[in-house]
Structure formats: structure tokens, C-alpha cells
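Subject: Structure for you to look at

Hello,

Here is the structure I promised to pass on. Please open it alongside this message.

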Amino acid sequence: MAEGEDLHSFTSIMDALVRISRFVCDTLCSPGDQAEMASRRTAVGKTSMKNLERELLCPVCKEMYKQPLVLPCVHNVCHVCATEVLLQQGYVCPDPNSEPTSPASTPSTRSPRLGRRVVPKPDRLDRLLKSGFGTYPGRKRGGILHPQSVLFPCPTCQRDVDLGERGLASLFRNLTLERVVERYRHTINVSAAIMCQFCKPPQLEATKGCTECKSSFCNECFKLYHPWGTQKAQHEPTPPTLTFRPKGLMCPEHKEEVTHYCKTCQRLVCQLCRVRRSHSGHKITPVLSAYQALKDKLMKSLAYILSNQDTVQAQISEVEETLRLTEANGAQAKEEVARLMRGLSTLLEEKQASLLSAIEDCRQERVVNLKAQLHEHQAMVENSGMVGYTQEVLKETDQPCFVQAAKQLHHRIIRATDSLQTFRPAANASFSHFQVDVSRELKLLTDLTFIKAPEAPVIDTQRTYAYDQIFLCWRLPQHSPPAWHYTVEFRRAEPKGKALKLWQRREEVRGTSAVVEYLDTDCVYVLRVRGCNKAGFGEYSEDIYLHTPPAPVLNFFLDNRWGFNRERLAISKDQRAVRSVPGLPMLFAAERLMTSCHLSIDLVIGDVAVTQGRSYWACCVDPSSYLVKVGVGLESKLQEWFQVPQDVVSPRYDPDSGHDSGAEDTTLDTSPPFAFLTIGMGKILLSHGVALTSRDPGNCTVSLPPRLGICLDYERGKVAFFDAVSFRSLWECGIDCSGPVCPAFCFIGGGALQLQELVANRQERKVTIGGFSKLD
């Protein structure tokens, strides 16, 4: 009854769509165009039905589905086709057309007009059972002791699908697809007359069907197979059909009606499957919930597709254009390869002619020389002309005549005698020096293939950093094809929930480094690179995130004009690095320390003072330094320090507190004139305001990062210290900003320090993203 209602609804919908389309066309079109529109409607209707028919074709037999099974990869295939595929793969499957309750498979009830099927002998059945035949559908031959999973080659996704040990017996039958196929057949009226399955040829048209027997009968055969007084007589006749479906979807393993859906396995299950160990702990819901959820999703997706038909048509046009370009570009590429191969062939032919010509010239020259030598030696034979002529000349008795003739003959005899004594062939018969070594060329030709795009570059994190600008450095993998140029892309990273900014791009970057400038301060930027060659663009590198400094970078140098101790401090020529060289003075001071003489601090400051705004700079401290202090201080107080150096062990001085604890002119409310971060032996001391004991040094120290960052806020009177790589805050304190404030660095013992080099000063290729300028 439900199937009849579905069929009626399907037909009604199709008729309604046809009527609506005709009404719209007749209303909008002129009478002259109605005939054309009618032909178009017919063509569109045929196209729509043809498109629907493609969805109903089995990928194996290319015909409409008959008893389709749902594979684990969610594709469908006919039961008969699946059985044939498994048989070709070496599996043994039962006949899918035979049913235990069908008259066609019951020998005792077989029609007398068709003859009885021969019953196999018992020993034959035993041999079949022992060989594993019929144990379960899809059982591999000879696999009795160790059952294995059945692999089915899905023709749609082109991969092997695991059907488990039970093979086709574990698959569900797609009853919905069968109903759609039947409705489609009825709509297009392509279903031929159903013939009786038991009549002897010529077969009669079937008039009845039996759901229990799963067969269609003519009136005579129905009475024959449903005799009065038997249980089969109670079978209710139905209209004839080619597909007999069960009333509901049954579990293929337990033959129970499915009532739940396992979300974990994404499979329908029955009550027995639900309590099995294989589904223990799985999320199982009633089939009604799964039905409603999937139906809502399908309806929403279908509504979205139908509401975006313009986009679909645009994408279809784009795909068609891409297909056209693919055909054209493919033909062009083939012609280009053929042209190059013809060029290589022509070059090889010219080279072959040149080499053969050289060999031929050498051969002819050798043949000429050898023939001359042969003629000369043949003249020395006893019966030859020269020997005979010489003998005749020797018979001459007239002395003047003899001298005249012998003079010419003597030179020939001398040459022949010398040639005889120092015989050597006039030419070498070997042509070994004309051998051509083509091993390198053969390897090149063997390796001749299409150019590949560069692989994804690898960002060099050791050399890449963000300072006044971003310096980005990368390299290609070892075996990557070369790149002609690179594309650098970057954008500012936004918090979650905000729309991502578009990538800004600079094309044709030469070299393996680039400088990105005009960036916002205190922001995180994402950068990536990809290479390009004749084959096109390669893959992008992994994204790298760089944090820009929290304030504009202050560019300064170390002041070498006044104040610092030249005996113990050495400043580099570029005034961006300083090294503490204690030497003998440090030894003398250490000896005097035992007599209560105090050890002084060596100080060096920057040549620029800050008087407004916010400023940031960074430096690198040698991890082997004994004791280094990095920070800022009032310029006036630093000058006083230079005039009267402070000592280390004095109880009146604490450089981290910024003032002399015994000074009478200081109050608790005033900010200190100095702020220093103490560094020593690869550690940073964070004991400000905390009493440090020898028992808990680990809680007061952190490891020294590769670079230290200092940010001075002049208006707020604050100075902050950062890990310049991760921009993790290390310490923040107040500073007296009543006057100019200078960067300052203190040394006790051996140590070294270097200011961070500005990216703008690097002699590298410069790429400006914001201003779109470019310098080499």
C-alpha cells in the first residue's frame, strides 16, 4: 500500500511540474514562440529524465539496479553483479537468484514442463561442504580454518572495500533505490510485459505475483504452485513485478527488523546487534531520530542547491571553459613536446652525419696510404717489374748508359730497401679513437621528463626575525626542482571570530630572502612563500608567525667617546658590539678585594637619549658572560656614575633599585633613575622585590633567550623587558623620566653583548609589501 502511494505521489509531482512549466511558458511567450517552447519543453524533459536515469544505472552492468546492495563505501551495486565480480576474484558465492522459499529453487515443486533439477549425490554434497562451498556468501576457496575478510573492488571509487568475513551477506539491500527505480520505470513507461517465470517457451504473460515465493506467475502456473489444501494456498497474490522486496529493512545477520542507528559505525542495527559487544560504548539512536536528522540535512542541502542555480550554471560554464582550455592546452603541449623531440632528432641526425663524415674521411686517407705501400712492396717481389727491370739494367755493358739508367733506379731501390728494413703499415687499422661516449647523454635522455614545479620552501627560523622590518629567509628542499623566482605573501593574524584579512602578495622575488616593511607594531603576522618555474607555482611553505615589536625600533650605537673604561671594555668598529676584557686589572682588583677594596662596574651607554614616546631595541648577550646588566638610566645620573664609579659590594648601591639606598634626597614615591635586568652564566635573575636565598634559586631565574628586548614608555615612566623571540614578558618596572633616558649596559668580569642589527641595514634583496616598492 505504501509503495502504491509513493508511486502515485511521484507521478503527481512529475505531472504538476510539467503543467507549471507549460503554464509559465504559454503565459510569457507569444503565440509564435509557443511551438518552439513546446519543442524545448520536450527536449528539457527528456534531458531531465535522462539525467535521473544516470543515477539509477549500476556501475557494473550499466543497466537499472536490480536488488541493489549498499557497499561500506556508500556506493550501490546489483546483487547479481556483485556476485559475479566476487566469482571473478576467486570467491564462492551462492546463486543470488535462488531463494529457499522460491518454487524456482525447490526441486520437489519444479514445474513438470521444465523438468526436474538433478539432485546432487550425498558424496558430492560432502565434497562441496568440505571445500567450503556455501558456508557464507563471499567465502574464499580453501579458507575453512582461517576465515578471511572479503575484499570487493568497488567500480565507483576504484578501491577495494572490506566486506568482512560474511561477504555479501553482511550488506543491506537498498529498498529505497529499488522504489525509485520502479517509480522511474512506471513514469517513463519503459517497463515491458512481465512474463511468467515457470512457463515452458513460449512463455505467457504473468498475471499474478507472490511475495512469499518471490516469483511472478500466469494463472495456470499460480494454481499449479499453490495447490488447495497446502500452506502455499494461503499466499496472497499481488500484481506481477520483477523485484520482490521485503516489507521492511531486515538485519542481514539476524534477519530482524532494524530499529536503531549506530552513529559510531554509521550502520543500521537491530535489537540483537545493539546488545552485541561490537557495539559496546557506541552512540546508538532510534532510527526515527536518524531518519529525521538525515532528512532535514538532505532537504536543507537540496534547498540550498536549488536556490543557487545561477551559481551552479556559472560553475558549469567555468568547468566547460576549463574543459575546452584543457583540450586546447593539452594539444598545444603535445605539439610543443613533439616539436622539441623533432629538434632533438634533427640535431642527432646532423651530429650523426658529422661523425660518420669524419670516420669516412679518415678511412679514405688510410686506404690511399695503404694502397701506396702495397704497390711499393709488390714491386719488390722477385717477378715484379722493378726487380726484373733492375736485372735487365745490370746486363748493360755501356758504362755511360748504365750510369744514366742506374741513377734513377738507385733511388727506388734505396727506398724499397729502407722500407723493407723498417717495415710498418702506413696506417693503423683500428678506429678505437673514434668511439663516442654517450653515457652522460643517455642518462640525460633517460631522465628526460616534464619539468616539475618547485617543492614547498622551508622557512629558516634561525635567520628569520621581526625587528624594524621582517627579514624572511627560506630554502628549497635538497632534491626539489629549481625555482626561477618566488612569491612572498603575508597578512596580519586576527583573533578568532574576526574575518581574516586578504593575503598581500609580491611577485617575482629573486633570491632566497626578502624584507617586508611598513608593518604595524605589536601585531602578529603570518607569512608564507612558494616558488615558481616554467612548470608553474609549487606548494606553499608552512605558515610562520612573527610578532612585531611593541614600539618603534630605536636605532643607536654604543658611545665610545666618554665614560667607559678602555682598559677593560672593547667596542667594535661599527659600535654595535662590546666585550669586557678584564685581564690583569681584574686580577689586581680581585687581590685587593681581600683587603676590603671594592670591585667597580664597567658601564657603556648608547649615543641616543629618549625624550618622548615609546621606543624598543634588542640585544644579544653572550651566555658565557659572568655578569651583565641591561637596562636604561637617566642621562644625568649616568654621567655622575662615570665621574664617580659605583662599587659592587657597597651596601649603599643596588643598581636594580635605581638609587643609592643611603641618599638623603630620595623618597619612596620617586621612581628610580636606573632600571637594569641582571644576567649571568646563561641565566636571568628575576628576584626584584623578593629576598633571594641560596635554597630557591630556580624560582628566581629563567634561561637566557637568544635575544633580549627592551621597551621604554617615556610618558608612562615604564620600562619592560621581553624575550625578543617569543615576546614573552620577563619583567616590568618604573623609571624616572624627568630627563633624557639612555640605554645602558654594565659589565662585571668577562662578557660580551651585541645590539640587534637593523633589517634595513642588511645587504639583502628588499621587498616592500605596503608601498609596493622593490630594491635589489
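Below is what turned up in it, topic by topic. Please keep in mind that this is a predicted model.

**Surface patch and helix α9**

Start with the nonpolar patch on the surface. Its area is about 960 Å². The residues that make it are Val337, Leu340, Met341, Leu344, Leu355, Val436, Val438, Leu442, Leu445, Leu448 and Phe450. Two helices, α9 (309-378) and α12 (439-446), each supply at least two of the patch residues. Helix α9 gives the most, with five residues.

Methionine 341 is one of the patch residues, and it lies in helix α9. Methionine 341 counts as partly exposed because its relative accessibility is 38%.

Helix α9 also holds a salt bridge partnership worth a look. Glutamate 336 bridges to arginine 339, with the closest N and O atoms 2.5 Å apart. Both residues lie in α9, three residues apart, which is about one turn of the helix. Glutamate 336 is partly exposed, at a relative accessible area of 34%. Arginine 339 is also partly exposed, at 43%.

**Other salt bridges**

How many salt bridges are there by the rule used? The count comes to 14.

Arginine 342 and glutamate 335 form one of them, at 3.2 Å from N to O. Arginine 342 has a relative accessibility of 45%, so it counts as partly exposed. Glutamate 335 is partly exposed too, at 45%.

Now take arginine 173 and glutamate 178. Their side chains meet in a salt bridge of 2.5 Å, N to O. Are these two residues buried or exposed? Both are buried.

There is a network as well. Salt bridges link Glu489, Arg505, Glu507 and Arg528.

**Arginine 528 and its rings**

Arginine 528 belongs to that network, and it also sits over aromatic rings. Its charged end lies over the ring of tryptophan 503, 3.9 Å from the ring centre. Arginine 528 also lies over the face of tyrosine 540, at 3.7 Å from the ring centre.

**Aromatic pairs**

The structure holds 13 aromatic pairs. Phenylalanine 217 and tyrosine 225 form one that is tilted. Their centres are 6.0 Å apart, and the planes make an angle of 45 degrees. Both phenylalanine 217 and tyrosine 225 are buried.

Tyrosine 465 and phenylalanine 471 form a tilted pair too, at 6.1 Å centre to centre and 45 degrees between the planes. Why does tyrosine 465 count as buried? Its relative accessibility is 7%, and buried means under 20%. Phenylalanine 471 is buried as well, with a relative accessible area of 0%.

One cluster deserves a view of its own. Phe198, Phe217, Phe222 and Tyr225 form a single aromatic cluster. Phe217 and Tyr225 from the tilted pair are among its members.

**A three-stranded sheet**

Three strands form an open sheet, in the order β9-β8-β10, with antiparallel pairing. The edge strands are β9 (215-217) and β10 (237-238), and each pairs on one side only. Strand β8 (residues 208-210) is joined to β10 by two bridges, and these strands run antiparallel. Cysteine 210 has proline 237 in β10 as its bridge partner.

**Backbone oddities**

Most residues other than glycine have a negative phi, and most peptide bonds are trans. Here are some places to check against that.

- A cis peptide bond joins proline 201 and proline 202, with omega at about 0 degrees. Proline 202 is found in the loop between α5 (175-188) and β8.
- Lysine 62 is not a glycine, yet it has a positive phi of about 60 degrees. Lysine 62 sits in the loop between α2 (31-55) and β1 (68-70). Its relative accessible area is 58%, so lysine 62 is exposed.
- Glutamine 67 has a positive phi of about 50 degrees, although it is not a glycine. Glutamine 67 also lies in the loop between α2 and β1. At 23% relative accessibility, glutamine 67 counts as partly exposed.

Best wishes

Definitions and conventions:
Residues numbered from 1 in each chain as written. Predicted model: local features only at pLDDT ≥ 70, side-chain atom pairs only at ≥ 80, totals over all residues. Heavy atoms only, no water. Patch = residues over 30% accessible without salt bridge, like charges linked within 9 Å, V, L, I, M, F, W, Y side chains within 5 Å. Areas by Shrake-Rupley, 256 points an atom, 1.4 Å probe, with all protein chains shown as cover. Salt bridge = Lys/Arg side-chain N within 4 Å of Asp/Glu carboxyl O. Helix = DSSP H or I, 4+ residues; strand = E, 2+ residues; numbered from the N terminus. Buried < 20%, exposed > 50% of the residue type's maximum accessible area, 1.4 Å probe, protein only. Phe/Tyr/Trp six-rings, centres within 6.5 Å; stacked < 30°, edge-to-face > 60°. Lys NZ or Arg CZ within 6 Å of the ring centre and 35° of its normal. Pairing = 2+ DSSP bridges.
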